[in-house]
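Visitor: I am new to this structure and would like to be walked through it. Please show it to me before I ask anything.

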Amino acid sequence: TFVVGREKREVFAHRCVLACRCQAFQGMLSQVPAGGEGEGPPGSVPPQGPLVLGNVQPEVFLAVIEFLYTNCVTLNSHIALEVLTSSVEYGLQDLCKLCVEFIKDTLSVEQVCEALQVRRSHVASRGVKITL
């Protein structure tokens, strides 16, 4: 279980799927809770309570989860830039490519400044090159 966003929305996902598909989730989910002892074989995902992700909108996180389960994503103009940022943060190159293609195809005059800011501050700072 994940608790996502300021709304503290519960999102359910299989930890093993997330850990297998994404190294960032593998790292998050394999940490031993404070005061806990490592149980199970090395590399296994320990059972623990909900993982709180307060800085991600639920719709954005659900899009990332959709991609991890299906290798596809349903995007719209309201979340595409944030999903792109999350894809870079989580190291999901294929999701990043899908976001860039969507943004290229749907970019409007109203979104240009925001898209350039995302590219400059979140994406380029992590060494990812994107041409919009």
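Visitor: Where does T74 lie?
Guide: This is a predicted model, and the place of T74 is given by the elements on either side of it. Helix α3 covers residues 58-70 and helix α4 covers residues 80-89. T74 therefore belongs to neither helix, and its place is the loop between α3 and α4.

Visitor: Is T74 buried or exposed?
Guide: A residue counts as exposed when its relative accessible area is over 50%. For T74 the value is 54%, so this residue is exposed.

Visitor: Which residues is T74 in contact with, leaving aside its neighbours within four places in sequence?
Guide: Contact here means heavy atoms within 4.5 Å. With the neighbours within four places in sequence left aside, the contacts of T74 are E66 and I79.

Visitor: What separates the C-alpha atoms of T74 and F102?
Guide: Along the chain, T74 and F102 are 28 residues apart. F102 is among the residues of α5 that make the contact with α4. In space, the separation of the C-alpha atoms of T74 and F102 is 9.8 Å.

Visitor: Is N71 buried, partly exposed or exposed?
Guide: N71 is found in the loop between α3 and α4, and has a positive phi of about 65° although it is not a glycine. Its relative accessibility is 39%, and values between 20% and 50% count as partly exposed. N71 is therefore partly exposed.

Visitor: How are α3 and α4 oriented to each other?
Guide: The axes of these two helices come within 9 Å and cross at roughly 55°. The crossing is right-handed. An angle of roughly 55° is not under 35 degrees, nor does it fall in the range from 65 to 115. The two helices are therefore oblique.

Visitor: Which residues of α4 meet α3?
Guide: On the α3 side, the residues are V60, A63 and V64. By class, the contact has four nonpolar, one polar and one charged residues. On the α4 side, the residues are E82, V83 and S86.

Visitor: How many residues of α4 are buried?
Guide: Helix α4 has 10 residues and is mostly covered. The buried ones are A80, L81, V83, L84, T85, S86, S87 and V88. The count is eight.

Visitor: Is S87 buried or exposed?
Guide: S87 has its place in helix α4. Leaving aside neighbours within four places in sequence, S87 is in contact with L92, L95 and C96. Its relative accessible area is 0%, and under 20% counts as buried, so S87 is buried.

Visitor: How are α4 and α5 oriented to each other?
Guide: Helix α5 covers residues 93-106, and its axis comes within 8 Å of that of α4. The crossing is left-handed, at roughly 155°. Because angles over 145 degrees count in this class, α4 and α5 are roughly antiparallel.

Visitor: Which residues of α5 make the contact with α4?
Guide: From α4, the contact takes A80, L81, V83, L84, S87 and V88. The residues of this contact divide into 11 nonpolar, one polar and no charged. From α5, the residues are L95, C96, C99, V100, F102 and I103.

Visitor: What is the order of the strands in the sheet?
Guide: The sheet is open, has three strands and is mixed in its pairing. The edge strands, each pairing on one side only, are β2 (9-11) and β3 (51-53). Neighbouring strands are turned by 30° against each other on average, direction ignored. The order is β2-β1-β3.

Visitor: Which residue in β2 is the bridge partner of V4?
Guide: Strand β1, residues 2-4, pairs with β2 in the antiparallel sense over three bridges. The bridge partner of V4 in β2 is R9.

Visitor: Which helix packs on the sheet?
Guide: This helix touches β1, β2 and β3. Its direction makes about 5° with that of β2. The helix is α3.

Visitor: Is K8 buried or exposed?
Guide: K8 is found in the loop between β1 and β2. Its phi is near 55°, a positive value in a residue other than glycine. With a relative accessible area of 62%, K8 is exposed.

Technical notes. Residues numbered from 1 in each chain as written. Predicted model: local features only at pLDDT ≥ 70, side-chain atom pairs only at ≥ 80, totals over all residues. Heavy atoms only, no water. Axes fitted to C-alpha atoms, helices over the stretch in contact; angles between N-to-C directions. Helix = DSSP H or I, 4+ residues; strand = E, 2+ residues; numbered from the N terminus. Left-handed = near helix turned anticlockwise from the far one by under 90°. Nonpolar A, V, L, I, M, F, W, Y, C, P; charged D, E, K, R; others polar. Pairing = 2+ DSSP bridges. Buried < 20%, exposed > 50% of the residue type's maximum accessible area, 1.4 Å probe, protein only.
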